[in-house]
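Student: Could you walk me through how to read a protein model, one feature at a time?
Tutor: Gladly; let us put it on the screen.

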Amino acid sequence: MALLICVTGRNNDKLIAKLSELLPKQTILQWPVDDASLLAKVEFVLAWNAPEALWSQLPNLKVVHSYGAGIDSIPVQLLPPHVEVARIVDPNLADDMGEYVLGHILSHKLGINMYLKQQAQQAWKPRRAKSGRTVGIMGMGQLGLAVADKLNANRFTVKGWSNSVKSLEGITHFCGDAELGAFLQDLDYLVCLLPLTEQTKGILNAKVFAATPAHCVLINVARGLHLNEADLLTAITQETFGGAVLDVFETEPLPTGHAFWSHPNITVTPHVAALTSLSTAALQIANNYLAMTEGRELMHIVQKKKGY
């Protein structure tokens, strides 16, 4: 029995050390494995952007655990039906996400970026703060609700949109494609916190931008693949959409020379809206590994067909 770490594109030394501390009697492997025969012992994989070739080499796989809040990096269609998929749930992420969204909305309302540019030019041009206070949140899961609570506490008008009917205090909720237009029509800010599924890929597109007021600003803190980047640039250039704060991108790190870096109406941050604590993540992974070995129910199981 073994736990395999296949988290690509980063140094995993601290993660391995923490898991070794929490699971001192367990075999922990890291991909790529020098001895391929060891893969037959793997029952639990911690994964993020694992190569597709991995999954067919694990005959005794029982659990795949995402090293993140989402599972969009895990090809669930390649997993046998009996394999369970779990994710990280960090309670601190909700507060971090709420502060990130509120902070950028206030920054935009107050014109902070404009004044920073004026300071560099030694220009003195005071302006009133923007008046718009209506925020639409796409995705009313744990993070979406936390952002809504933070905005409600600061006297913003909050609208929510998701795939299922919900009754939420302090939020005017809209459901499904039929109500998307009504959700978008009077927004000052549009926040994306949707899970990434086949249905939500590219949902932030020309149709959505055209349905919002021309001054509306997008804040995408979900996944880069939710956004049609070309449609956003076109809408902003044509002044039919106001701008964007982007923390996630189709390709990360954002490539050198990408148009987003230098666009005056786009703010770029390096996927930092809500960062999972290593200690929190390692503890949840270790607890789920032990639950698997002991035949107990795992925490934070994902419905594979839904993708969340």
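Student: How many positive and negative side chains does the chain have, and how far apart do the centres of the two sets lie?
Tutor: Lys and Arg count as positive and Asp and Glu as negative, while His and the chain ends are not counted. The place of a charge is NZ of Lys, CZ of Arg, CG of Asp or CD of Glu. Here the chain has 25 positive and 27 negative side chains, with the two centres 6 Å apart. Do keep in mind that this is a predicted model, in which local features need pLDDT of at least 70 and side-chain atom pairs count only at pLDDT 80 or more, whereas totals for chains, interfaces and linings use all residues. Residues are numbered from 1 along each chain as its sequence is written, and side-chain values use heavy atoms, leaving out hydrogens and water.

Student: Which helices and strands should I look for, and how many are there?
Tutor: Helices (H or I, at least four residues) and strands (E, at least two) are DSSP runs, numbered from the N terminus. This chain has nine helices and 12 strands.

Student: What share of the 308 residues is buried?
Tutor: Buried means under 20% relative accessible area, with a 1.4 Å probe and protein chains only. By that cut-off, buried residues make up 46% of the 308.

Student: How do I read the two faces of a strand?
Tutor: In a regular strand the side chains alternate between the two faces of the sheet. Take strand S10, residues 217–220: Val217 and Ile219 on one side are buried, and so are Leu218 and Asn220 on the other.

Student: Which way does strand S9 run relative to S10?
Tutor: Two strands pair if DSSP finds at least two bridges between them. S9 (residues 189–192) and S10 run parallel, joined by four bridges. One of the residues to click on is Tyr189, whose bridge partner in S10 is Val217.

Student: Is Gln284 buried or exposed?
Tutor: Gln284 has 10% relative accessibility, so it counts as buried. Gln284 sits in helix H9, residues 278–294. Contact means heavy atoms within 4.5 Å; leaving aside residues up to four places away in sequence, Gln284 touches seven residues' worth of neighbours listed as His65, Arg87, Ile88, Val89, Asp90, Met299 and His300.

Student: And what does Trp48 touch?
Tutor: Trp48 belongs to strand S3, residues 42–48. Not counting residues up to four places away in sequence, its contacts include Cys6, Tyr67 and Arg223. Trp48 and Gly307 are 259 residues apart in sequence and 15 Å apart in space, C-alpha to C-alpha.

Methods. Buried < 20%, exposed > 50% of the residue type's maximum accessible area, 1.4 Å probe, protein only.
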